[in-house]
Amino acid sequence: MSFYDVLAITGGFTLVFWLLKLCWPCFCALRLYVFSELWQVDFRRYGQWAVVTGATSGIGKAYACELAQRGLNIVLVSRSDDKLHRVAKEIEDQYGKKTHIINADFTHGHSIYPAIAKKLEGLEIGILVNNVGMVYSDHFAYFLEVPDAEEMMVVYIFPQMTRLILPGMVERGMGLIINISSEVGVRPQPLLSLYSATKIFIIYLSQCLHAEYKSKGITVQCVAPALVSTNMTRSMNVKCLMKSASGFAREALNTVGHSNYTSGCLSLQNLALTIILPDWIRMSSFFIRKLRKFPERDEDKKKDEYVGKRRNAEKKF
Ligand SMILES: NC(=O)c1ccc[n+]([C@@H]2O[C@H](COP(=O)([O-])OP(=O)(O)OC[C@H]3O[C@@H](n4cnc5c(N)ncnc54)[C@H](OP(=O)(O)O)[C@@H]3O)[C@@H](O)[C@H]2O)c1
């Protein structure tokens with residue numbers, strides 16, 4: 001074999017190696033977000049009931065509806081009685097499934113859990129969606145502007161809910177826990193410091209619980225969305241960088257059984273955010289100052305639009 005043959009073979013292997021390396025992530029993404037639509041898990045095998053926290057709007061409501069559509073009865077946990085009744089009726093009418101509602105305010109600390117436990121007694125709970133989450137400021141805020149004690153309380157909700165429901169799952173040797181984290185748990189986000197920190201707590205908690213309990217038949221999936229149009233994101237218009245809550249929940253549920261950690265959906269969000277806002281920009285003082293002004297700018301824009309519209313209307317008359 002000549003030197004040139006060796007060179008050609010080495011070149012060929014290198015080319016194939018790099019092609020496979022490039023194609024493998026694309027194949028994994030297709031398998032996870034596209035083909036998974038064809039190989040959906042039968043969620044009824046986990047048990048008859050799914051418990052969803054923060055189930056009256058946004059991602060939680062979308063998960064509750066999607067799970068009801070896939071054959072489960074739903075326990076809705078949230079803090080507003082009227083919204084709970086409205087969503088429960090919607091699910092019963094639309095999907096013909098049973099519902100229970102539990103009114104609980106998760107900012108009230110440990111005292112709420114015995115009452116929740118009592119209301120869950122006797123139900124065969126196969127799925128827990130730990131979804132409830134909150135930001136304590138309507139704008140991007142510096143650490144000292146946020147009532148930190150309250151926001152940190154969020155950290156206890158997922159383990160407390162899990163402690164109530166996991167024992168029953170372990171006893172039956174079957175169960176699914178879905179923990180909703182966030183993209184800002186994957187990458188630190190200044191001006192959302194406590195929120196960002198609580199979200200990485202959820203990622204680690206989920207991964208550890210999955211490793212501890214998978215041998216007992218329990219799947220713990222962590223979902224880390226980037227941008228979904230909900231009250232939390234001021235119901236921004238659904239575009240290529242902003243998913244609808246229902247579309248997101250449908251795609252995210254399809255990934256169950258295929259991945260234990262997912263951003264939830266196939267979208268350009270994560271790629272775009274990484275390219276447009278690399279860490280060195282996001283963590284810079286310049287960007288933080290700009291971000292801090294973000295809602296004020298928004299308000300100004302709305303005011304300008306309103307004034308513009310009024311002027312046009314006045315001109316017409
Ligand atoms: N939207 C996004 O782009 C995005 C991105 C990444 C991660 N996430 C995460 O996804 C999860 C859901 O967020 P979302 O955008 O769907 O929010 P959302 O639309 O604001 O819904 C929040 C839900 O939680 C309930 N809730 C709020 N505070 C509560 C409390 N103290 N006690 C009991 N229930 C309470 C709300 O009930 P009420 O209706 O009574 O207020 C509502 O049902 C959160 O964990 C969030 O961090 C969202």
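**A parallel sheet and its surroundings**

Strands β4 (residues 125-130) and β5 run parallel to each other and are paired over four bridges. In this predicted model, that pairing is a good place to start, since much of what follows can be laid out around β5. Within it, N130 has N179 of β5 as its bridge partner. On the other flank, β5 is joined to β6 (residues 218-223) by six bridges, again in the parallel sense. Here G175 sits opposite I218 of β6.

How many of the six residues of β5 are buried? Six of the six residues in the strand, which spans residues 175-180, are buried, so β5 is largely enclosed by the rest of the structure. The cover comes from both faces: G175, I177 and N179 are buried on one side, and L176, I178 and I180 are buried on the other.

Zooming out, β4, β5 and β6 belong to an open sheet of seven strands, ordered β3-β2-β1-β4-β5-β6-β9, with parallel pairing. The edges are taken by β3 (99-103) and β9 (261-262); each has a single partner strand, so one side of each has no neighbour in the sheet. As a general point, strands of a sheet pair through backbone hydrogen bonds, in either a parallel or an antiparallel way. Elsewhere in this sheet, β1 (residues 49-53) and β2 (residues 73-78) run parallel and are joined by five bridges. In that pair, V52 stands opposite L76 of β2. Helix α3 (residues 81-95) lies across β2 and β3, and runs at about 170 degrees to β3.

The protein chain as a whole has twelve helices and nine strands. Buried residues account for 34% of its 317 residues. Taking contacts between residues at least 6 apart in sequence, 69% join residues at least 24 apart.

One helical stretch comes with a record attached. An unreviewed UniProt entry lists residues 6-34 as "transmembrane region". In the model, this span is 97% helix and 0% strand, and its end C-alpha atoms lie 41 Å apart.

Helix α8 (residues 245-254) is mostly covered, with seven of its ten residues buried. Those buried are A245, F248, A249, E251, A252, L253 and N254. What do the buried residues of α8 pack against? Their partners are a mix of helices and strands: α1 (3-33), α2, β6, β7 (228-229), β8 (243-244) and β9.

Just past this helix, V256 lies in the loop between α8 and β9. V256 counts as buried because 20 C-beta neighbours fall inside 10 Å, and 20 or more is what burial takes. Setting aside residues up to four places away in sequence, V256 touches V41, L176 and Q221. One of these, L176, is among the buried residues of β5. The C-alpha atoms of V256 and C222 are separated by 9.9 Å, although the two residues are 34 apart along the chain.

L176 also turns up in relation to H210, a residue of helix α7 (residues 193-213). H210 and L176 are 34 residues apart in sequence, and their C-alpha atoms are 9.8 Å apart in space. Is H210 buried or partly exposed? H210 has 18 other C-beta atoms within 10 Å, so it is partly exposed; burial would take 20 or more. Apart from neighbours within four places in sequence, H210 is in contact with T219, V220 and N260.

The loop between α6 (183-186) and α7 holds L191. This residue has a positive phi of about 75 degrees although it is not a glycine. L191 counts as buried, because it has 21 C-beta neighbours inside 10 Å.

Finally, the ligand. Its surroundings comprise 28 residues, of which G54, G58, G133, T230 and M232 come nearest. By character, the shell divides into eleven nonpolar, 14 polar and three charged residues. Which helix gives the largest share of the shell? That is α2 (residues 58-69), with three residues. Helix α2 is also one of the elements that the buried residues of α8 pack against.

Notes:
Residues numbered from 1 in each chain as written. Predicted model: local features only at pLDDT ≥ 70, side-chain atom pairs only at ≥ 80, totals over all residues. Helix = DSSP H or I, 4+ residues; strand = E, 2+ residues; numbered from the N terminus. Buried ≥ 20, exposed ≤ 12 C-beta atoms within 10 Å, placed from the backbone. Contact = placed C-beta atoms within 7 Å. Pairing = 2+ DSSP bridges. UniProt positions renumbered as here; feature names shortened; annotations may be inferred. Near = placed C-beta within 6 Å. Nonpolar A, V, L, I, M, F, W, Y, C, P; charged D, E, K, R; others polar. Axes fitted to C-alpha atoms, helices over the stretch in contact; angles between N-to-C directions.
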